[in-house]
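Work through the exercises below with the sequence and the 3D structure at hand. Try each task before reading its solution.

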There are 2 protein chains.
Amino acid sequence: MAPNSTPHKKRIAVLSPVAWRSPPRQYGAWETVASNISEGLVSRGWDVTLFATGDSVTKAFLRSVVDKGYEEDSNIDPKVAEYMHISEVFERAAEFDLIHSHYDFMALTYTRLVNTPVLTTIHGFSSPQIMQVYEKYRDGYFVSISNSDRAPGLNYLGTVYNGIDLSLYPLQKSRGEELIFLGRIHPDKGVHLAIEVARQSGCPLLIAGIIQDEAYFREQVEPHLDSQQFRYLGPVDIAGKNELFARARALLHLNTIPERFGLVLAEANAAGVPVIAMDLGSCREVIDDGTTGFLVNNVEQAVQALDRIPEIDRITCRQHVQRCFSIDKMIDGYEAVYDEIFEIESVGRK
Amino acid sequence: MAPNSTPHKKRIAVLSPVAWRSPPRQYGAWETVASNISEGLVSRGWDVTLFATGDSVTKAFLRSVVDKGYEEDSNIDPKVAEYMHISEVFERAAEFDLIHSHYDFMALTYTRLVNTPVLTTIHGFSSPQIMQVYEKYRDGYFVSISNSDRAPGLNYLGTVYNGIDLSLYPLQKSRGEELIFLGRIHPDKGVHLAIEVARQSGCPLLIAGIIQDEAYFREQVEPHLDSQQFRYLGPVDIAGKNELFARARALLHLNTIPERFGLVLAEANAAGVPVIAMDLGSCREVIDDGTTGFLVNNVEQAVQALDRIPEIDRITCRQHVQRCFSIDKMIDGYEAVYDEIFEIESVGRK
């Protein structure tokens, strides 16, 4: 659908993070979602301005004061980039009917200085210390990305699951032989547990993702690497992910803390790849246990689940993502939330 | 003078940093100045609200959302503290006729969202990256703390030298025997040069201040320490400073980068202690060469200057500070700047 072909008139500012480009070249879940929302809204005729890095790619109108992601250019001071980027959208607040922020607690501190309503999608609570900010601004408008990732007392208008662009992850018709791990190399993501499952099952394991915790990689991942059973491929882009999906028997996602959403679960399922996921946080909202993968509680159950992978129908996996985690489905959710906000605001102003 | 005894009616918000308490217990130049301004304004009858840590001590009305300095309590996330603290004053902007910010570039990003004029005292440009923020907000109101520490293109209303509370630093009538270094242990402050001057002159050297650069301390300071000629005393509070001043032959301040103001130069002079300072940045604005100390360009000149210390009259040193760097003098300067802003604003609003 061409931009502006439908009758939406409302002007939406989408505030993406500037750690990475929107959409990111490789890692960058928040930027991925902000990008998917922007493109989805544009395709339905909304008047969308994406506030993101200058090298971002979008069909929306792009506004940027930061040329590149601060994670991609060491000349950029992240603190300067954040303050400049966030304040820019608030200085232009009067140009918009709604600001849709993906910029965590920092953006909240500007919200009371403008008249434009601000919706914040909470992509995760990164530390106990930031909760005081959410507590102060609890009367704002919030969306959670899973029912499990909620803080009490905030004015949630709903949960809107993240949506992915299924065209980027074509169905891989036949099952591969290898186990894959795809995500940040960090204890939270349980790479060490994936290695243990592979070791016990004797299956080869391909590991891909950015190294976020160097010591963890050095101590708990690197010693296992060889050219045979355990291999680390570094970060991968979308093409790299699809190569992995083509070779995958299953995706292992044995997170050690509650998952907030888990984009990679939906991406793997979209490609027809079954997922074995720890039953923590949002995983049971994304994975249909026994149908698109298996929820487990420990390494032993994960090893057992591997035997049942042939029960999973790959086409059903993709259909599940199409139904629940497509961009279209996500935009349906946000349109409903936006309408609710416009309704509340119009009543409030009377 | 008692608070509110004079007819000022204007309401001033002073935004202090929250790295340390205002005034700081030991180190914390920005908090010291913000505190001195607040107390000085109160004593002249201004209606002052100090935005600072909750444990701050002031005769102004204290507003705080951060209990303690983030440098003094590791449970506090500096980023959360800064965003919460800065936004608080801007959310209350309508309660004030002027916001006087000591919070660097971060506070600037809120200034266009409020109607209250904001004056920023620039305590130093900490990195090239922050200049883009000052560039964007160059039409704001700025004060420099020395004529030398200015960036081109900013709307400076004047230089107002930092003022100190002279009652805290009584005149030490007689000259001591030791050389003293007082400041952050950091290459910028030239501790290694002070050590070299002491070594060449054979004088004992007392070193005090927080260790900001651990490697520098370990490699260039610690190896020289003994119980005789070179001693490190750690950070000192005001009583500790006065003990040092009582023992001082001279203060060595051989900074390696341009000094922005140099509070310690005024403090030493207030106590009657001559200063040997590198002729970089503001030092020649604070030290009256040949009268309150000596400006030098290298270690050799500093060693030579030591021989001329007896020429310096200690009472003249104190009188110079009384005349140029007292809180009263500083408040005179800021009152003139405030009046100019109120005049500009009243014209602008017509």
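**Exercise 1.** Find which side-chain oxygen reaches toward the backbone nitrogen of Ala215(B) at the start of H6(B).

Solution. The oxygen belongs to Asp213(B), and the two atoms come to within 3.2 Å. Helices (H or I, at least four residues) and strands (E, at least two) are DSSP runs, numbered from the N terminus. The model is predicted: local features need pLDDT of at least 70, side-chain atom pairs count only at pLDDT 80 or more, and totals for chains, interfaces and linings use all residues. Residues are numbered from 1 along each chain as its sequence is written, chains are lettered from A and ligands numbered from 1 in the order in which they are written, and side-chain values use heavy atoms, with hydrogens and water left out.

**Exercise 2.** Decide which residues of helix H6 of chain B are buried, and where they lie around the axis.

Solution. Step one: take buried as under 20% relative accessible area, exposed as over 50%, and partly exposed as in between (1.4 Å probe, protein chains only). Helix H6 spans residues 214-221 of chain B, and Tyr216(B), Phe217(B) and Val221(B) are buried in it. Step two: look down the axis of H6(B); the buried residues fall within an arc of 100 degrees, so they line one face of the helix. The arc is taken from the directions from the helix axis to the C-beta atoms. Step three: these buried residues pack against helix H5 (191-201), strand E9 (205-208) and strand E10 (230-232) of chain B.

**Exercise 3.** Describe the interface of chain A and chain B by its residues and its buried area.

Solution. Step one: count contacts (heavy atoms within 4.5 Å). Chain A gives 27 residues and chain B gives 27 residues. Step two: use buried area, the accessible area (1.4 Å probe) that two parts lose on being put together, summed over both. The two chains bury about 2400 Å² between them, with 62% of it on carbon and sulfur atoms. On the chain A side, Tyr83(A), Met84(A) and Leu113(A) lose the most area to chain B, together 28% of what that side buries.

**Exercise 4.** Find how many salt bridges cross the interface of chain A and chain B.

Solution. Step one: apply the rule for a salt bridge (a side-chain nitrogen of Lys or Arg within 4 Å of a carboxyl oxygen of Asp or Glu). The rule finds six across this interface. Step two: take an example, Lys79(A) with Glu82(B), whose closest N and O atoms are 2.9 Å apart. Step three: see where the chain A side comes from; helix H2 (78-91), helix H3 (104-111) and helix H4 (131-136) of chain A each supply at least two residues. H2(A) gives the largest share, 10 residues.

**Exercise 5.** Locate the salt-bridge partners of Asp97(A) and Glu178(A) and state how accessible each residue is.

Solution. Step one: Asp97(A) pairs with Arg11(A), the closest N and O atoms being 3.2 Å apart. Asp97(A) sits in the loop between H2 and strand E4 (98-101) of chain A, and Arg11(A) in strand E1 (residues 11-15), 86 residues apart. Asp97(A) is partly exposed at 22% relative accessible area, and Arg11(A) is partly exposed at 30%. Step two: Glu178(A) meets Arg247(A) in a salt bridge (2.9 Å, N to O). Glu178(A) lies in strand E8 (residues 178-182) and Arg247(A) in helix H7 (residues 238-247) of chain A, 69 residues apart. Glu178(A) is buried at 16%, whereas Arg247(A) is partly exposed at 36%.

Terms used. A polar contact is a pair of N or O atoms within 3.5 Å; within protein, one must be able to donate a hydrogen and the other to accept it, and residues adjacent in sequence count only if both atoms are side-chain atoms.
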